[in-house]
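Got the viewer open? Here is a short walk through the model, with something to select at each stop.

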Amino acid sequence: MPDDCVFIGKSTKPEYILLKLANRHGLITGATGTGKTVTLQGLAESFSAAGVPVFCADVKGDLSGVAAMGKEKGWIKERAAMIGYDVKFTAHPVIFWDLFGEQGHPVRTTVSELGPLMLSRLMDLSEAQEGVLNIAFRIADEEKLPLSDLKDLQSLLEDLAARSNELTTRYGNVGKRSIGAIQRQLLVLEQQGGDHFFGEPALDVGKDMMRTDDEGRGYIGVLAADKLMQSPRLYATFLLFLLSELFEELPEIGDPKKPKLVFFFDEAHLLFRDAPKALLEKVEQVVRLIRSKGVGVYFVTQNPRDVPDTVSRQLGNRVQHALRAFTPAEQKAVKSAAETFRPNPDLDTEQMIMSMGIGEALVSTLDEKGQPSIVQHTFVKPPSSQVGPITVDERKALMETDPVAGKYDESVDRESAHEILTKRTEERAKAAAEAEAAEEKSKTTKKSSGGSRGDGFWTALGKSVVRAVVPMATRVLEDAIRRNALGGQRRR
């Protein structure tokens, strides 16, 4: 077995993954209770020992044991003797993470960084609602409104609803019903714990997920996911976000001698279940291109069919644990799994998948030429760390001394969209109040000066006098003229 490899176990020969080809991704599958978690733990240990940082989700709470030294047990001793493997029990450097900040350091990102595509997926929005959300992000960008947490987005949506008529003529239909639907989904997301995910300080993915210790061993990032799995869409979206961030931040390096990071995506079927076409295209793009940035992605799930063909064909290293087949559909799944391997003339792959015991697997990895090796029935090596979870006190002690202690534990609420829009609303309300007060004052002034209903008192009095005197004077003058005329006639 070459030195620059990760040992998996032994068939008729050692089975391993070449470090220089570990960034060609992989797949670990098998029914519940067949040994997938132990396989994942063993691979994470070996990558760490080779100086490769690892990130994995601890769905059942078992993987935390990688931080403690293992102990010799009967089955470990038996398996080690069977494959001729010398188990060197040791603990490995670990950083614990937790979206809820309970079993690990808080993991946060901003609403802006997540983006409208994944946020729409997270909230299960319709096409029309997703369109409105895209408009919201566009306006936030144009008006310099940082979207940090959920209250920022909620404030932005309230502002859009108030300006919907104005915005519709510029961006297209910004329906109040769609805005209301998004706001309701935000409340659901908040109840599921999404408010813990959004905020600052945001996780520095490129730095804190890719650390090595003083001995050159890669840190194993363990995400506490037992509680997170109660919100499967949040879980899948979060892991996809991490992959996307790595894809955006890391430079192109081609094919390195060993990966910069190995990412294990457990319960991978949650990522693809009911996923819209745009999201599947995003996943396919990330998986296809992130290889050249030195990141290997290993999907862990029960059945190979859980992963779409467009993604599955990118996965060069495969470990298949046992599958149980009692129904026609399950038998079809077994046959499909067997067909993903390069055939071994000495092995009935389909039959072997159904008959393997715990800790056994069918293994096919990429050889020196980058071609899949012939599938082999393999006994997987036992881990060198503790099998099973560590205690709460042990976890707490490790968190207090790891490289990110104190960096993310306290949230920061800087000025963002919520504060800016609240201030803007207050200024508009103040301006409107001042305008209303000025208008009232103007009305009062007009009334006191006669206003539009008539003239002032003395002007009105003068008009009344004129209206009374002029007719009277006219009558007196007419009488005088008439008398003078009649008097002149009598004198003649």
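**First stop: a loop with a cis proline**

Select proline 201, which sits in the loop between helix H8 (194-197) and helix H9 (205-208). Now bring in its neighbour: the peptide bond from glutamate 200 to proline 201 is cis, with omega near 5°. Keep in mind as you look around that this is a predicted model.

**Another loop, another backbone angle**

Jump to histidine 25, in the loop that links strand S2 (14-18) and strand S3 (26-29). What is phi of histidine 25 like? The angle is near 70°, a positive value in a residue that isn't glycine.

**Zoom out**

Show the protein chain as a cartoon and you'll have 18 helices and 12 strands on screen. The radius of gyration of the chain is 38 Å, well over the 23 Å that the globule rule gives for 492 residues, so the chain is more spread out than a compact globule. Line the view up with the principal axes, and the C-alpha atoms fill a box of roughly 165 × 50 × 40 Å.

**Colour by domain**

Give one colour to domain 1 (5-107 + 202-390) and another to domain 2 (111-196). Note that domain 1 is written as two stretches of the chain, 5-107 and 202-390. If you place a marker at the centre of each domain, taken over C-alpha atoms, the two markers will be 35 Å apart.

**Where the domains meet**

Next, select the contact residues: 21 from domain 1 and 11 from domain 2. Together the two domains bury about 1400 Å² between them, with 64% of that on carbon and sulfur atoms. Which three residues should you show as sticks on the domain 1 side? Pick Arg233, Leu234 and Thr237, which supply 36% of the area that domain 1 buries against domain 2, more than any other three residues.

Hunting for salt bridges across this interface? The rule finds 0 of them. Polar contacts do turn up, with 4 residue pairs found across the interface of domain 1 and domain 2.

**Last stop: the domain 1 face**

Highlight helix H10 (232-249), helix H11 (269-272) and helix H12 (277-289), the elements that each give two or more residues to the side of domain 1 touching domain 2. H10 provides the largest share of that side, with 7 residues. Colour this side by residue class and you get 13 nonpolar, 3 polar and 5 charged.

Key:
Residues are numbered from 1 along each chain as its sequence is written. This is a predicted model: local features need pLDDT of at least 70, side-chain atom pairs count only at pLDDT 80 or more; totals for chains, interfaces and linings use all residues. Side-chain values use heavy atoms; hydrogens and water are left out. Domain bounds come from an automatic or database domain assignment. Contact means heavy atoms within 4.5 Å. Buried area is the accessible area (1.4 Å probe) that two parts lose on being put together, summed over both. A salt bridge is a side-chain nitrogen of Lys or Arg within 4 Å of a carboxyl oxygen of Asp or Glu. A polar contact is a pair of N or O atoms within 3.5 Å; within protein, one must be able to donate a hydrogen and the other to accept it, and residues adjacent in sequence count only if both atoms are side-chain atoms. Helices (H or I, at least four residues) and strands (E, at least two) are DSSP runs, numbered from the N terminus. Ala, Val, Leu, Ile, Met, Phe, Trp, Tyr, Cys and Pro count as nonpolar, Asp, Glu, Lys and Arg as charged, and the others, Gly among them, as polar. The radius of gyration is taken over C-alpha atoms; the globule rule is 2.2 Å times the number of residues to the power 0.38.
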